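User: I should like to understand how the descriptive terms applied to a protein model are justified. Please take me through the reasoning step by step.

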Amino acid sequence: MPQTEGGLPPAARAEVPGTGVAPTLVTARLILRAQRVEDFDAFAATLATPRSRFMGGPLTRREAWLWFAADTGGWALSGAGGWTLERRDDGAVVGQVAVAKPDYFPEVELGWLLHDGFEGQGYAAEAGRAARDWAFGPRGLATLVSYISAGNAASIRVAERLGATRDDNAPRPEPEDLVYRHTAGASGANA
């Protein structure tokens, strides 16, 4: 289980769900922290590239801002939202992870994205694990889903690494999305 500098599990540092404050979670290599406006340029740059095609991109800066603002504001509206992923050893911002339920999502989603150059190092799974464990612990959820485009093999591998299984009967925001279900206590839940 990831530990904070004080030796407590990340969940011990989590704010009360629904207070509008993103909890700070700490893993071996990452800090999952509240998004700040200075994180937006890297976020927008990632969503402007063809790499974002699996998330409806490429997106304009305006579209990226709406997404970023929704993930930030989700903490106040629903007690869940996005975190910026900051590497502990040098402060580099490597991506984003979110536990969120926009109005058009049928269920609460666990999602992740990495900025260019940070793929293939296990950051998405590490951050996803911490966010999932927070959702199943302090947030009190029993299930999460990850909506993934069928062609996004890397994201499918992350979901499977986290112990999620494909749920072809689940509702989805886009008909072509695959749904990977994460359940509390399932294999991989503490991996």
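User: What makes strand β6 (residues 143-149) mostly covered?

Analyst: In this predicted model, a residue counts as buried when its relative accessible area is under 20%. Six of the seven residues of β6 are buried, and the strand is accordingly described as mostly covered.

User: How do you know that β6 is paired with strand β8 (residues 177-183)?

Analyst: Two strands pair if at least two bridges are found between them. Seven bridges join β6 to β8, and the two strands run antiparallel. As one example of the pairing, Ser146 has Tyr180 in β8 as its bridge partner.

User: Why is Arg166 called partly exposed?

Analyst: The term covers values between the limit for buried, under 20%, and the limit for exposed, over 50%. Arg166 has a relative accessibility of 47%, and therefore counts as partly exposed. Arg166 belongs to strand β7 (residues 165-166). Apart from neighbours within four places in sequence, Arg166 is in contact with Leu178, Val179 and Tyr180.

User: Is Glu119 buried, exposed or partly exposed, and how do you know?

Analyst: The limits are under 20% for buried and over 50% for exposed. Glu119 has a relative accessible area of 34%, so Glu119 is partly exposed. Glu119 is located in the loop between β5 and α3 (123-136). With neighbours within four places in sequence left aside, Glu119 is in contact with Arg51 and Leu114. Along the chain, Glu119 and Val94 are 25 residues apart, and their C-alpha atoms are separated by 8.8 Å.

User: Is Thr46 buried or exposed, and what is the reason?

Analyst: For a residue to be buried, its relative accessible area must be under 20%. Thr46 has 7%, and is therefore buried. Thr46 lies in helix α1. Residues up to four places away in sequence are not counted in the following contacts: Thr46 touches Arg51, Ser52, Leu113, Leu114, His115 and Asp116.

User: Why are helices α1 and α2 called oblique to each other?

Analyst: Two packed helices are described by the angle between their axes and the distance between the axes. The axes of α1 (residues 40-47) and α2 (residues 61-78) come within 9 Å and cross at roughly 120 degrees. Angles of 65 to 115 degrees count as roughly perpendicular and those over 145 as roughly antiparallel. The crossing angle of roughly 120 degrees belongs to neither class, and α1 and α2 are therefore oblique to each other. The crossing of α1 past α2 is right-handed. On the side of α1, the contact is made by Phe40, Asp41, Phe43, Ala44 and Leu47, and on the side of α2 by Arg61, Ala64, Trp65, Trp67 and Phe68. This contact of α1 with α2 has eight nonpolar, no polar and two charged residues.

User: How do you know that the peptide bond between Gly57 and Pro58 is cis?

Analyst: The value to consider is omega, which is about 0 degrees for the cis peptide bond joining Gly57 and Pro58. Pro58 is situated in the loop between α1 and α2.

User: Why is strand β2 (residues 30-34) said to be largely enclosed?

Analyst: Four of its five residues are buried, so β2 is largely enclosed by the rest of the structure. The pairing of β2 with strand β1 (residues 25-26) is antiparallel over two bridges, and at least two are needed for strands to pair. Val26 has Ile31 in β2 as its bridge partner. Three residues form the link in the hairpin that joins β1 to β2.

User: Which strand does β2 pair with over five bridges?

Analyst: β2 pairs with β3 in the antiparallel sense over five bridges. Arg33 stands opposite Thr84 in β3.

User: What makes strand β4 (residues 93-100) mostly covered, and how is β4 paired?

Analyst: Seven of the eight residues of β4 are buried, and on this count β4 is mostly covered. Six bridges join β4 to strand β3 (residues 81-87), with the two strands antiparallel. Leu85 has Gly95 in β4 as its bridge partner. β3 and β4 form a hairpin with five residues between them, and Gly91 in the turn has a positive phi of about 75 degrees. β4 is also joined by six bridges to strand β5 (residues 109-114), again antiparallel. In this pairing, Val97 stands opposite Trp112 in β5.

Technical notes. Residues are numbered from 1 along each chain as its sequence is written. This is a predicted model: local features need pLDDT of at least 70, side-chain atom pairs count only at pLDDT 80 or more; totals for chains, interfaces and linings use all residues. Side-chain values use heavy atoms; hydrogens and water are left out. Axes are lines fitted to C-alpha atoms, for helices over the stretch in contact, and angles run from 0 to 180 degrees between N-to-C directions. Angles under 35 degrees count as roughly parallel, over 145 as roughly antiparallel, 65 to 115 as roughly perpendicular and the rest as oblique. A crossing is left-handed if the near helix is turned anticlockwise from the far one by less than a right angle, and right-handed if clockwise. Contact means heavy atoms within 4.5 Å. Ala, Val, Leu, Ile, Met, Phe, Trp, Tyr, Cys and Pro count as nonpolar, Asp, Glu, Lys and Arg as charged, and the others, Gly among them, as polar. Buried means under 20% relative accessible area, exposed over 50%, partly exposed in between (1.4 Å probe, protein chains only).
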